[in-house]
Structures are given as structure tokens and as C-alpha cells.
Amino acid sequence: GEKMIEAHVVLDDDKSKSVNIWYRGALYQSMSLYPYLSTLEADYTFDYDDAIFSYEHTQDNICMLYIVKQIEGENIDIFQLSLQLPEGGSDIVGTYQRGGATSSFISGGMSDDNKMYVGSWFMKYDDTERAPMVDGKIEISKNESDTYTFIIDVKDDANHKINGSIDATMN
């Protein structure tokens, strides 16, 4: 329902000047209880040689790419990359610099309803660790053996480095 905020503000240096403020309407909490979306407590480094990936073009020049690597048992690393391809491009091979003029990766965040991870993320399958990728560079190259190499050198919103190399086969 409708809520109300009432405040009486007095200037610290002149107590004789004050104002009353009233607001009636919907209240939205824009601050999280946690300062960061990332749950990483330190930098995360990796070097995988047998991951799998898939991708799909979701809109004009936007590609969603998922890299999956099973570490052991159910301990699985997932990289969700949202890539802005060059104008008219469809090939994923290239360098994606955050904020790049021609090709970029899209920063990780939450959907408007706070239920989905959108943009670029690193996460564990069981969601015990996750981090939005917000700055840095991702390089993708295709090898002669029809595998792809992903060089990821990014930072999360808590300034932790997420970096390493992944050799992956398209699924």
C-alpha cells in the first residue's frame, strides 16, 4: 500500500532555518543489504583445457555464450558471457573490451525483478559463488582443432580479478 515519509530538516549551522518534507506514495528500496553482487572473497584464477560451450544470438549483434566446466563431482564453473558483436557480425572470434567502441562484453547485473542474472557472470553451479563481470577484456580465438580458446581477464563489482584461460569445444 501507500506509505508516507515525513521529515523535519534543520540546517546545522543555522538552527533558525528549517523545512518540513512530506512524501506520500510507493516506496522502493534501491539499496541492497550487501554492498556487492559478487560473493567472491578473493581473486579467482583458472586454467581449463576441456570445457564445453554453446551460444545463441539473442538480438541484433548480441550473443549469449555459456561456458561450462565440471571440476569434480557437482562442482561446476559456469561463465555466462553477454557479448556485443561488431556491427553486422555473427562470428564470436574477437576481443571484447568492456565499453569497447566496436565490440564489448555487457556488464553483469540483476534483472529488474532481481530474479535473473543478466549480462556477463562467473558462477558456481550450486550458486555458492558468483560474480558479475564489470570491467576488463575477453579474447576468443578459434584453434585448428575446432576448439576455441577464451582468455578472460576481468574484474567483478568488488574489484576481484577473474582471470585465466579456457579451451572449449562447441556443444
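Start with the largest nonpolar core of this predicted model. Select its 28 residues if you can, or simply Phe-79, Phe-150 and Ile-166, which have the most contacts inside it. Now colour the elements that give two or more residues to this core: strands S3 (44-59), S4 (62-72), S5 (75-84), S12 (135-142), S13 (147-155) and S14 (161-170). Which of them provides the largest share? That is S3, with five residues.

**Stop two: around Phe-79**

Keep Phe-79 on screen and show what touches it. Leaving aside neighbours within four places in sequence, you will find aromatic company in Phe-46, Tyr-48, Tyr-66, Trp-121 and Phe-122, among others. Add Leu-65, Ile-67, Met-133, Ile-152, Ile-162 and Ile-166, and the list of contacts for Phe-79 is complete.

**Stop three: a buried charged pair**

Next, select Asp-77 and Lys-124. Their side chains meet in a salt bridge, with 2.6 Å from N to O. Asp-77 belongs to strand S5 and Lys-124 to strand S10 (residues 121-124), so this pair ties together parts that lie 47 residues apart in sequence. Are these two residues buried or exposed? Asp-77 is buried, at a relative accessible area of 0%. Lys-124 has 9% relative accessibility, so it counts as buried too, the limit being 20%.

**Stop four: pairs with partly exposed residues**

The whole structure holds four salt bridges, and two further ones are worth a look. Select Lys-137 and Glu-139: the closest N and O atoms of this salt bridge are 3.8 Å apart. Switch on the surface here, and you should find Glu-139 partly exposed, with a relative accessible area of 33%. Lys-137 is partly exposed as well, at 32%.

Then move to Lys-142 and Asp-146, another salt bridge, where the closest N and O atoms are 3.7 Å apart. Lys-142 is partly exposed, with a relative accessible area of 46%.

**Last stop: the whole chain**

Zoom out and switch to a cartoon view. How many helices and strands does the protein chain have? There are zero helices and 14 strands, so the pattern along the sequence is β throughout. If you colour by burial, 33% of the 171 residues count as buried. Draw the contacts with a separation of 6 or more, and 44% of them join residues 24 or more positions apart. Finally, show the accessible surface: the protein chain comes to about 11000 Å², and carbon and sulfur atoms account for 47% of that area.

Conventions. Residues numbered from 1 in each chain as written. Predicted model: local features only at pLDDT ≥ 70, side-chain atom pairs only at ≥ 80, totals over all residues. Heavy atoms only, no water. Core = buried A, V, L, I, M, F, W, Y, C linked by side-chain atoms within 4.5 Å. Buried < 20%, exposed > 50% of the residue type's maximum accessible area, 1.4 Å probe, protein only. Helix = DSSP H or I, 4+ residues; strand = E, 2+ residues; numbered from the N terminus. Contact = heavy atoms within 4.5 Å. Areas by Shrake-Rupley, 256 points an atom, 1.4 Å probe, with all protein chains shown as cover.
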